[in-house]
Amino acid sequence: MATLTTGSPSSTSVVVAASALATDNVAVTVYERSLDSGSTWAAVTPSGLNFTLSGLTPSTAYPAPRLRAKDAAGLASPVLTAQAFTTA
């Protein structure tokens, strides 16, 4: 089972690490993240199994980041959820 872990945030970014990324018989075309409990999604590019969420506001509490993969058929993977965090 894949998991998502929140790293130590800086003032404007945080790295979340996935234990595995979604794969299936149709290629993943985009990874998306949400920082508002899943109502708004934005594309994010992984670096290996890590995703850097940037453009954050300093000294701000954020809800648990969520991550999902979408494939060429438009199907979304189950959502992975990490821990809530506060930027420095």
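Student: How many aromatic pairs does the structure hold?

Tutor: This is a predicted model, and it holds 2 aromatic pairs. To read such a pair, look at the distance between ring centres and the angle between planes; planes over 60 degrees apart count as edge-to-face, and those under 30 as stacked. Take Y31 and F51: their ring centres are 5.5 Å apart and their planes stand at 65°, so this pair is edge-to-face.

Student: Which strands do Y31 and F51 lie in?

Tutor: Y31 belongs to strand 3 (residues 28-34) and F51 to strand 6 (residues 50-54), so the pair ties together parts that are 20 residues apart in sequence.

Student: Are Y31 and F51 buried or exposed?

Tutor: Y31 is buried, and F51 is buried too.

Student: And how are the rings of Y62 and F85 arranged?

Tutor: Apply the angle reading again. The centres of Y62 and F85 are 5.3 Å apart with planes at 15°, so here the pair is stacked. Y62 sits in strand 7 (residues 61-62) and F85 in strand 10 (residues 85-86), so the link joins parts 23 residues apart in sequence. Both Y62 and F85 are buried.

Student: Rings can also have a charge over them. Which residue lies over the face of W41?

Tutor: For that feature, follow the ring normal out from the centre. Here you meet R68, which lies over the face of W41 at 3.9 Å from the ring centre.

Student: Let's move to the sheet. What is the strand order in the open sheet of 4 strands?

Tutor: Read across the sheet rather than along the chain: the order is 1-2-6-5, with antiparallel pairing. Then check the ends. Strand 1 (4-6) and strand 5 (46-47) each have a single partner strand, so one side of each is left without a neighbour in the sheet.

Student: Over how many bridges do strand 5 and strand 6 pair?

Tutor: They pair over 2 bridges, in the antiparallel sense. In one of the places to look, S47 has N50 of strand 6 as its bridge partner.

Student: Which residues have the most contacts inside the largest nonpolar core?

Tutor: Think of a core as a network of buried nonpolar side chains, and look for its best-connected members. In this core of 16 residues they are L4 and F51. The elements giving two or more residues are strand 2 (13-18), strand 6 and strand 8 (66-71); strand 2 gives the most, with 3 residues.

Student: What does F51 touch, leaving out residues up to four places away in sequence?

Tutor: Its contacts include V14, V15 and V16, along with L21, V44 and L67. Y31, the ring partner from our opening example, is also among the residues that F51 touches.

Technical notes. Residues numbered from 1 in each chain as written. Predicted model: local features only at pLDDT ≥ 70, side-chain atom pairs only at ≥ 80, totals over all residues. Heavy atoms only, no water. Phe/Tyr/Trp six-rings, centres within 6.5 Å; stacked < 30°, edge-to-face > 60°. Buried < 20%, exposed > 50% of the residue type's maximum accessible area, 1.4 Å probe, protein only. Lys NZ or Arg CZ within 6 Å of the ring centre and 35° of its normal. Pairing = 2+ DSSP bridges. Core = buried A, V, L, I, M, F, W, Y, C linked by side-chain atoms within 4.5 Å. Contact = heavy atoms within 4.5 Å.
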